[in-house]
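I opened the notebook today to look up a few residues, the charged pairs and one helix packing. My entries follow in the order in which I checked them.

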Amino acid sequence: MEKITEKAGHPVPESDGRDNRLSGPGALTGIAVGVGTGAAVALLHRAGVRPPGRLGGPATGAPAMVLTDTPIAGLGISDPRAWSPADWTADALPHLAYGLVTYGLISAAHRHR
C-alpha cells in the first residue's frame, strides 16, 4: 500500500497508526480478491462449469493467487521470478487451501438445492 499511495501522490505521513493505515487497505484488497474469486466461481458453477473437487479447488485458488501476485510484481514490491521454492510454497499453499474450501462450499451448496 505504501507504494500505491506514493505513486498516487498521497504518501501516508509518519504518525501513530501509520502501520494500520497501510495494512488495512491491503487486507481489504485480499478480502475483495477472495470474495470476487468465490463469486465468479459460484457463477461459473451455476452455469454448469463443475470440475471435480480435485481440479475445482486448485482451479479456484489459482486465479486468487494470480490476482494477488500480479500487483506485487507490477508495483516492484517483489519479483516472483526470483522466488525460491520455499517462497512459492508459502504463497501457493494458502491459495490452494482457499480454493479447496471455497470450491467445496460452492459444490456443497449446489448439492443441497
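In which helix is Leu-93 found? I looked it up in the model, which is a predicted one, and I found Leu-93 in helix α4. I then checked its surroundings and noted that Leu-93 is exposed, because its relative accessible area is 52% and the cut-off for exposed is over 50%. I also looked up the separation between Leu-93 and Met-65, which are 28 residues apart along the chain, and I noted 9.9 Å between their C-alpha atoms.

**Entry on the helix packing**

I turned next to the way α3 and α4 are arranged, keeping in mind that two packed helices are described by the angle between their axes and the distance between the axes. For α3 and helix α4, which spans residues 85–111, I noted that the axes come within 7 Å and cross at roughly 125°, which makes α3 oblique to α4. The crossing in which α3 passes α4 is right-handed. On the α3 side I listed residues that make the contact, including Gly-53, Gly-56, Gly-57, Thr-60, Ala-64 and Met-65, and on the α4 side I listed, among them, Trp-88, Ala-92, His-95, Tyr-98, Gly-99 and Tyr-103.

**Entry on Thr-60**

I followed up Thr-60, whose place is in helix α3, residues 53–74. Is Thr-60 buried or exposed? I recorded Thr-60 as buried because its relative accessibility is 1%, and the cut-off for buried is under 20%. A polar atom of the Thr-60 side chain lies 2.7 Å from the backbone oxygen of Gly-56. When I left aside neighbours within four places in sequence, I found Thr-60 in contact with Thr-37, Val-41, Tyr-98, Gly-99, Thr-102 and Tyr-103.

**Entry on the charged pairs**

How many salt bridges does the structure hold? I noted two salt bridges in the structure, and I kept in mind that side chains of opposite charge can pair when their charged atoms come close.

One of them joins Glu-14 and Arg-18, with the closest N and O atoms 3.6 Å apart. I entered Glu-14 as exposed because its relative accessibility is 68%, whereas Arg-18 counts as buried at 11%.

I also looked up the salt bridge between Arg-81 and Asp-79, where the closest N and O atoms are 3.0 Å apart. Here I wrote down Arg-81 as exposed at 76% relative accessibility, and Asp-79 as partly exposed, with a relative accessible area of 32%.

Note on methods:
Residues are numbered from 1 along each chain as its sequence is written. This is a predicted model: local features need pLDDT of at least 70, side-chain atom pairs count only at pLDDT 80 or more; totals for chains, interfaces and linings use all residues. Side-chain values use heavy atoms; hydrogens and water are left out. Helices (H or I, at least four residues) and strands (E, at least two) are DSSP runs, numbered from the N terminus. Buried means under 20% relative accessible area, exposed over 50%, partly exposed in between (1.4 Å probe, protein chains only). A polar contact is a pair of N or O atoms within 3.5 Å; within protein, one must be able to donate a hydrogen and the other to accept it, and residues adjacent in sequence count only if both atoms are side-chain atoms. Contact means heavy atoms within 4.5 Å. A salt bridge is a side-chain nitrogen of Lys or Arg within 4 Å of a carboxyl oxygen of Asp or Glu. Axes are lines fitted to C-alpha atoms, for helices over the stretch in contact, and angles run from 0 to 180 degrees between N-to-C directions. Angles under 35 degrees count as roughly parallel, over 145 as roughly antiparallel, 65 to 115 as roughly perpendicular and the rest as oblique. A crossing is left-handed if the near helix is turned anticlockwise from the far one by less than a right angle, and right-handed if clockwise.
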